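The following exercises concern a predicted model. Please inspect the sequence and the structure before working through each solution.

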Amino acid sequence: MHWALRLFGFVVGVLALAILGLGGWIVIAHQDELQLASAAAAKTICSNVFMAKREADAILRTDLLALGHPIFRLMKIDVSAIDHSVDSSLFGLFAKRHAQYVEGRGCTNVSNGESWDHPAALQPSPTTEANALWPAGEKAQLSDNARLQAALNDPVLQGPGMRAIVVVHDGRIVAETYGQGFTASTPLLGWSMTKSVTAALVGMAIKDGTLSLDQKKLFLQWAGDLRAEISVADLMAMSGGLEWNEDRGIVTDPGRMEYLVRDAAAFARDRRLVASPGTKFHYSSGESVLLTRLWQNAIGEGALSYPRERLFNPLGMNSAVIEADEAGTFLGEGFLYANAHDWARFGEFLRLGGKWNGQQLLPAGFVDYMRSPVPASDEGQGPVYGRGQLWLARGQGFDLPADTFMLQGHLRQVIAIIPSRKLVILRMGLTREDIGYSNAKLLHAIVAAGF
């Protein structure tokens, strides 16, 4: 009996040493990748537990493991309902990362909770009337168009991981469908669709007279440097000329900026200049974060409540929350959570040229400017990008009306806006880009249904 216990203890010891050795090797050889994975796990679970009210196990399974990286299977996740926080680490030992939730602010990756000057909580926004017609309330005015309903209910058109499809025509929701476990009230991450919201906030600062498109010498750190020639308009058009690695390799510049540094704006600001400002289109989440920092600087005191007070509340986007980094800069390149009805409200707002309930919230003509083409973004079919953090459908080869412009985000998020058809189409989900699914067929089928 004693020999069996000794053998068991020996085996357990060997396994423990093996785990420690494997963990140590991973930490040493893949430190950045591991820190990125752990921080992403902590923040993703934090945001979805405390804002979307989803279960941590479901988030791990459908939001993290679904991305195909096995490292998430080795993560130990601790959710504190008391502290409203999430801790993540490899085997519970390595690459410990912490995400903290603040009411009305969302979740932030925090490197040292004791030194973090966290923002004050915001009271919940007033809710809209469930029985009033959207957009004043949440009630849809569903169409009996059979072709439209068939398009929304086609699994092939929906795509794997679909979470929400909403069709708005002439100011009313005429069709909608949701993935299993999701509803019209579930906050969803828009990823890079957030960039267009950032552009709208820049427009509001311009309307306030605190910022201008031709403004240069944007940061003190660029004084006496060729970067001082970068204008707000250049950043809006993704033509600032700053070095940026958006998607090459495992640890990209957006990954570092969003999960591995304390100050996202400083990380983006300190990139070197590799092209003359305004001459070359280069998609860069860093330039969107710089725009965010600029409008926050322009607004000054009150900037942290500005999106809610000036944009979200007037539109009735009561679920909308832009998350910020530890230094207090909104992650305006990709971290806006809002439910499908609220994302659709923003799309309708752009369709209406920045006007809502008779009030011109954006400068007159600003949305037209946002969707005017950036010539340098021409990839053979015409320009693919607009001057205000928007995509142009024709330049991407989408078979849609010529005036179509779009918000697009990672994992196949899209809001297509077609002013000539009085149409806004939203599709959100978690759909990997490497499986061949495109939103194009869904959008085409909806337009072809008779709009």
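**Exercise 1.** Determine where Ala264 is placed and whether Ala264 is buried or exposed.

*Solution.* Begin with the secondary structure: Ala264 belongs to helix H9, which covers residues 264-269. Next, take the relative accessible area of Ala264, which is 0%. Buried means under 20%, so Ala264 is buried. Then list the contacts: leaving aside residues up to four places away in sequence, Ala264 touches Met257, Val289, Asp325 and Leu331. Finally, consider Ala120: its C-alpha lies 20 Å from that of Ala264, and the two are 144 residues apart in sequence.

**Exercise 2.** Describe the span, burial and ends of helix H12 (residues 340-351).

*Solution.* First, the span: the 12 residues of H12 reach 16 Å from the first C-alpha to the last, close to the expected 16 Å. Second, the burial: 12 of the 12 residues are buried, so H12 is largely enclosed by the rest of the structure. Among them are Trp343, Arg345, Glu348 and Arg351. Third, the ends: at the start of H12, a side-chain oxygen of Asn339 comes to within 3.2 Å of the backbone nitrogen of His341. Just after H12, Gly353 adopts a positive phi of about 75°.

**Exercise 3.** Classify the packing of helices H2 (residues 31-50) and H8 (residues 253-260).

*Solution.* The two axes come within 9 Å and cross at roughly 55°. H2 and H8 are therefore oblique to each other, and their crossing is left-handed. H2 contributes Asp32, Gln35, Leu36, Ala39, Ala40 and Lys43 to the contact, and H8 contributes Gly255, Arg256, Tyr259 and Leu260.

Key
Residues numbered from 1 in each chain as written. Predicted model: local features only at pLDDT ≥ 70, side-chain atom pairs only at ≥ 80, totals over all residues. Heavy atoms only, no water. Helix = DSSP H or I, 4+ residues; strand = E, 2+ residues; numbered from the N terminus. Buried < 20%, exposed > 50% of the residue type's maximum accessible area, 1.4 Å probe, protein only. Contact = heavy atoms within 4.5 Å. Expected span 1.5 Å × (residues − 1). Polar contact = N/O pair within 3.5 Å; in protein donor to acceptor, adjacent residues only side chain to side chain. Axes fitted to C-alpha atoms, helices over the stretch in contact; angles between N-to-C directions. Parallel < 35°, antiparallel > 145°, perpendicular 65-115°, else oblique. Left-handed = near helix turned anticlockwise from the far one by under 90°.
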